[in-house]
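Hi everyone, thanks for coming. I'd like to walk you through one structure today, starting with its inside and then moving to its charged pairs. Have a look at it first.

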Amino acid sequence: MRTVAFRSQPLPAPTARALRVRLVDEHGREPFSALDARGCVRRVAAIAEELGLRSTVYRGGLDLRGSEVDHLWLDVSGRVVDVAYPLFVEEFVAVLRGYVAGDAGPGDIASAAALAGVDERVVGEFPAALAYRGTPVWSARARR
């Protein structure tokens, strides 16, 4: 299976509204954790399924402008949905770069993400300088 490079692009309006409302509710019930990308993916996939949306789990690299972190995210209708990382919070991105370099630990990542809501997380659109590249996880490939 070839590597897919995702573009930042909004979800179609009705889909984006419905998904965002559900994500905000879910985040309020139990905040999405930057330390549990796998759990975030499972939770978002369940919401997407309830909304009748097709989703695929991807694993690959998140390019942070010079450093790259191995990561999991969801493809929903050809768009990235990554609620684990609040990539619209520059301080979080800086801490994540420090983590890749060995200058920050998991606690630093959790603290940097703690106050971020769904609006600071990736729901189709992500900061232009960042890039997601990956392939569907094995179980997702088997369904295609």
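Let me begin with a question: leaving aside its neighbours within four places in sequence, which residues is Leu87 in contact with? Keep in mind while you look that this is a predicted model. The list runs Leu62, Asp82, Phe92, Val93, Glu120, Val122, Pro127, Leu130 and Tyr132.

Now zoom out from Leu87 to the core. The largest nonpolar core has 43 residues, and Leu87 is among the members that touch the most others, along with Leu23, Leu74, Val81, Tyr85, Phe92 and Tyr132. Which elements give two or more residues to this core? On the helix side they are α1 (13-29), α2 (37-50), α3 (90-101) and α4 (106-113), and on the strand side β2 (55-63), β3 (68-76), β4 (79-82) and β5 (122-124). Helix α2 provides the largest share, with seven residues. As a general reminder, nonpolar side chains tend to be buried together in soluble globular proteins.

On to the charges. Side chains of opposite charge can pair when their charged atoms come close. In this model there are eleven salt bridges, and I've picked three to show you.

First up, Glu30 and Arg43, whose side chains meet at 4.0 Å, N to O. Glu30 sits in the loop between α1 and α2, while Arg43 belongs to helix α2, so this salt bridge ties together parts 13 residues apart in sequence. Is Arg43 buried or exposed? Its relative accessible area is 16%, and the cut-off for buried is under 20%, so Arg43 is buried. Glu30, at 40% relative accessibility, is partly exposed.

Next, Arg59 and Asp70 form a salt bridge at 2.4 Å, N to O. Arg59 is in strand β2 and Asp70 in strand β3, so to speak distant parts of the chain, eleven residues apart. Both partners are partly exposed: Arg59 has a relative accessible area of 42%, and Asp70 one of 48%.

My third pair is Arg133 with Asp63, at 3.6 Å, N to O. Why does this one tie together parts that are 70 residues apart in sequence? Because Arg133 lies in strand β6 (residues 131-136), whereas Asp63 lies in strand β2. Arg133 is partly exposed, at 32% relative accessibility.

One last thing, back at Glu30 and Arg43. Through salt bridges that share partners, these two join Glu26 and Arg29 in one network.

That's my tour, and I'm happy to take questions.

Conventions:
Residues are numbered from 1 along each chain as its sequence is written. This is a predicted model: local features need pLDDT of at least 70, side-chain atom pairs count only at pLDDT 80 or more; totals for chains, interfaces and linings use all residues. Side-chain values use heavy atoms; hydrogens and water are left out. A nonpolar core is a set of buried Ala, Val, Leu, Ile, Met, Phe, Trp, Tyr and Cys residues joined through side-chain atoms within 4.5 Å. Buried means under 20% relative accessible area, exposed over 50%, partly exposed in between (1.4 Å probe, protein chains only). Helices (H or I, at least four residues) and strands (E, at least two) are DSSP runs, numbered from the N terminus. Contact means heavy atoms within 4.5 Å.
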